[in-house]
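Hi,

Here is the structure I promised to pass on. Have a look at it first, and then read my notes underneath.

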Number of protein chains: 2
Amino acid sequence: MVDVIRVKDAPSRRGQECTIQGWIYRIRSGGGIVFAIVRDGTGILQATVRKGAVPPQGFQEAIGATPESSVIIRGVIAEDKRALGGYELRATDFHLVSSSPPFPVRKGQSASMLLDNRHLWLRSRELNAILKIRAAVFGSIHEYFDLEGFIETQAPSFVSGACEGGATLFKVPYFSTSVYLTQSAQLYLEALITTLGRVYTVAPSFRAERSRTRRHLTEFWHAEAEAAWYSEEDMMTTEEQLVKHVCDTVSAHNEGEFGILGVAPQHIAIELPLERVTYEEALEKAGRAGVELRWGDDLDYRAERAITAQAEQPFFVTHYPKKAKAFYHRPDPRRPETVLCHDLLAPQGYGELTTGGERIARLDVLMQRIEEAKLDPKDYDWYIDLRRYGSVPHAGFGLGIDRLVKWITRAEHIQQVVPFPRTMRRMRP
Amino acid sequence: MVDVIRVKDAPSRRGQECTIQGWIYRIRSGGGIVFAIVRDGTGILQATVRKGAVPPQGFQEAIGATPESSVIIRGVIAEDKRALGGYELRATDFHLVSSSPPFPVRKGQSASMLLDNRHLWLRSRELNAILKIRAAVFGSIHEYFDLEGFIETQAPSFVSGACEGGATLFKVPYFSTSVYLTQSAQLYLEALITTLGRVYTVAPSFRAERSRTRRHLTEFWHAEAEAAWYSEEDMMTTEEQLVKHVCDTVSAHNEGEFGILGVAPQHIAIELPLERVTYEEALEKAGRAGVELRWGDDLDYRAERAITAQAEQPFFVTHYPKKAKAFYHRPDPRRPETVLCHDLLAPQGYGELTTGGERIARLDVLMQRIEEAKLDPKDYDWYIDLRRYGSVPHAGFGLGIDRLVKWITRAEHIQQVVPFPRTMRRMRP
């Protein structure tokens, strides 16, 4: 038996006989030789199958192999400058495991057709590259938080209160009652900092989102962090360092994938500190770009697109009006009509990556904001308790991981960067 | 300004003046000196506050400080063999940030009271220790898969088909239709191996579980993996290596936390390979322990408890009857009334940690099993496609992370090891 190896390890096996298992990516034959390009999840490798060099049965199977068929090929790894990647497998045997009929999806089909066949279209080199960058993004998020002393934790998906307004909550029948699906772990993370100090979580969040923009999903992956004793500025530093760490990591480790996507990752070579722009400055910017908003309006999708279109680096928008934001944000002591809350926006129209800020630590201020927001304090009893028993100043943020991947890969639509995206109209496959 | 440090870094700051921020864990005073034990998420440290060594206002605040109050203490780090941890902070200033009224929860209260006040009870040293071990478990799962070349990915939480029977599915109203909450990423991971080869995911799964055993939750964290070209035996090796890696990592890195729990982690010093026991042998074992099952019955909670009670190491149960298991398991070619499916059971009554096996790769066999199981092939059209276009032998498994943490920490009830557990009757806090 010869060793079974993965394509990425081929260069280290030069001159050795090995076995590769994978799928036919491309194949052509002529003059007693078959050129099969094989992919196995770690890369692609050309195999040359010569009549006479493999048993007759193997050659017949190679001649008959179609794209996307699964195969096991034994052969000797050789350097070949003409081959993609510089190496090829000179076959000594070829085994067709499962023959594929003509593959029904290909580049250039409609976005909707490709999404209907997502389970097959995942095999495209483009999606393979995006999914590898996505994996690197997840890995580097964990790595950053670990380095900074944040402890990984988990908040419940089933919640009984609403964190950010009820309109976009999914309600789930739950035995004899009902619960909601979480939109954010924030309130739970605020409880967890009282025991762990600095915490983070990576988990799905849910939004019954009717809008059909290029950046909304009904379920999305959310990295959220919260830290005791952090000011808003401390947390903005954490956010920009996290984004930079992710960008630097994928730039360094995913060169091949960026190449496949035809994306030069210069757009994610960010320099810290990122610019801080106040809400008022953002309003003016939006106005100059033709999007008129009144003081007090939240920055919507159009406004975000307008103010980020010409930017080259992500930047923060700070000092949002109190009335545009949720009850838990700490009012700015110097300008109490605004809150210590910010968004981090990606440039070139990509828009919101993170949203964060300092939370209210004082019991009286929190009670007043809950009243102003016309919420029922009973729904927040345990959250209010956190201000009763040794409250501390603290801040946190949430990062939309799918949006970050979208910006990093310069994808046009967020559905492109999620293995099986979910929107109002799409629940399958 | 002196440096703000975290308790865990105190030993490296011996002789230096530093600031610690945290909560009062215990406090006593007398004779012009206050001994305050402070916790900050990274550890606990004794601070001694002497009258005259701090400003009068600071001493008054120290005298009045109650347990769970939040404090900022400046002082010099000194070695002191009598102090817990061997170091103490000799205060030069003391600031009471937020005073706590008498803390309403304490050890010895009923489990239900402690769960009602979970947001406060998280502060207990026991839960703090469990949550840190839990974080280390999550981290070491990612680490193991990364080392083995498995790529992290994500499956949807909203699914339109049922992976393991409808009775325990949560149904969610979804705009003008409805979807289910996922119980397993498996089917999606089977699609993802065709592009990535080896994949894993760490995400919540949901089960509308009516049972009130010590090990069931309505949402649980699930680590699932799938790999192309893996046999069942390959996957069992992956599972036991993963569990060993996690156990070895937490044993090495969480000594302090095991100490707090009063658990010596010898019970997780496992030796590979783990024992493989067939289903028939398991039936006999259960029978000898007084749990009578007929061939064809699945091993239920009672049976698992009986056969694991006397074990010292986790072990696999293999060769389950086809009729006891889901349609996608590959029938054993040597004994087609059984399937290449296994469970990994933790010893001492803890029971199921993982469940896995080889999946059906052949289209005709899959169609026959779907028919036998009286399922509608239309519900599985995309899953069936995976056998049409270059099918490959493959295997996978799912690990219940909360159950693994329960066994590792020797917790009595699974609710103890989850930050905010969810059961049929518990949706808050």
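Let's begin with B:D332, which is buried because its relative accessible area is 2%, and the cut-off for buried is under 20%. Keep in mind as you read that this is a predicted model.

What does B:D332 pair with? Its partner is B:R334, and the two form a salt bridge in which the closest N and O atoms lie 3.7 Å apart. B:R334 is exposed, as its relative accessible area comes to 71%. So this salt bridge joins a buried residue to an exposed one. As background, side chains of opposite charge can pair when their charged atoms come close.

**More salt bridges**

How many salt bridges turn up over all chains? A search of the whole structure gives 56. Here are a few from chain A that you can look up:

- A:D9 pairs with A:K8, with 3.3 Å between the closest N and O atoms. A:D9 is partly exposed at 29% relative accessibility, while A:K8 is exposed at 51%.
- A:R335 pairs with A:E337, and here the closest N and O atoms are 3.2 Å apart. A:R335 counts as partly exposed, with a relative accessible area of 29%, and A:E337 is partly exposed too, at 37%.
- A:R14, A:E79 and A:K81 are tied together in a network of salt bridges.

**Where the two chains meet**

Now for the interface. On chain A, 95 residues are in contact with chain B, and 95 residues of chain B are in contact with chain A. The size of an interface is often given as the accessible area lost when the parts come together. For chain A and chain B, the area buried between them is about 7500 Å², with 62% of it on carbon and sulfur atoms. Which residues of chain A lose the most area to chain B? They are A:F175, A:W229 and A:Y389, and together they make up 11% of what that side buries.

Between chain A and chain B the count is two salt bridges. One to look for joins B:D381 to A:R428, where the closest N and O atoms are 3.3 Å apart. There are also 40 residue pairs in polar contact across this interface, both residues being at pLDDT 80 or more. Helix α4 of chain A (residues 125-147) gives the most to the side of chain A that touches chain B, namely eight residues. If you sort the residues on that side of chain A by type, you get 49 nonpolar, 25 polar and 21 charged.

**A buried strand residue**

Next, try B:V277, which sits in strand β13 (residues 275-278) of chain B. Is B:V277 buried or exposed? It is buried, because its relative accessibility is 3%. What is B:V277 in contact with, once you set aside its neighbours within four places in sequence? The answer is B:A282, B:F315, B:F316, B:V317 and B:T318. You can also find B:P314, which is 37 residues away from B:V277 along the chain, with 11 Å between their C-alpha atoms.

**Cysteines**

Last of all, the structure has zero disulfides over all chains. Two cysteines to look at are B:C18, which is buried because its relative accessible area is 0%, and B:C341, which also counts as buried, at 0% relative accessibility.

Have fun exploring!

Conventions. Residues are numbered from 1 along each chain as its sequence is written. Chains are lettered from A and ligands numbered from 1 in the order in which they are written. This is a predicted model: local features need pLDDT of at least 70, side-chain atom pairs count only at pLDDT 80 or more; totals for chains, interfaces and linings use all residues. Side-chain values use heavy atoms; hydrogens and water are left out. A disulfide is a pair of cysteine sulfur atoms within 2.5 Å. Buried means under 20% relative accessible area, exposed over 50%, partly exposed in between (1.4 Å probe, protein chains only). Contact means heavy atoms within 4.5 Å. Buried area is the accessible area (1.4 Å probe) that two parts lose on being put together, summed over both. A salt bridge is a side-chain nitrogen of Lys or Arg within 4 Å of a carboxyl oxygen of Asp or Glu. A polar contact is a pair of N or O atoms within 3.5 Å; within protein, one must be able to donate a hydrogen and the other to accept it, and residues adjacent in sequence count only if both atoms are side-chain atoms. Helices (H or I, at least four residues) and strands (E, at least two) are DSSP runs, numbered from the N terminus. Ala, Val, Leu, Ile, Met, Phe, Trp, Tyr, Cys and Pro count as nonpolar, Asp, Glu, Lys and Arg as charged, and the others, Gly among them, as polar.
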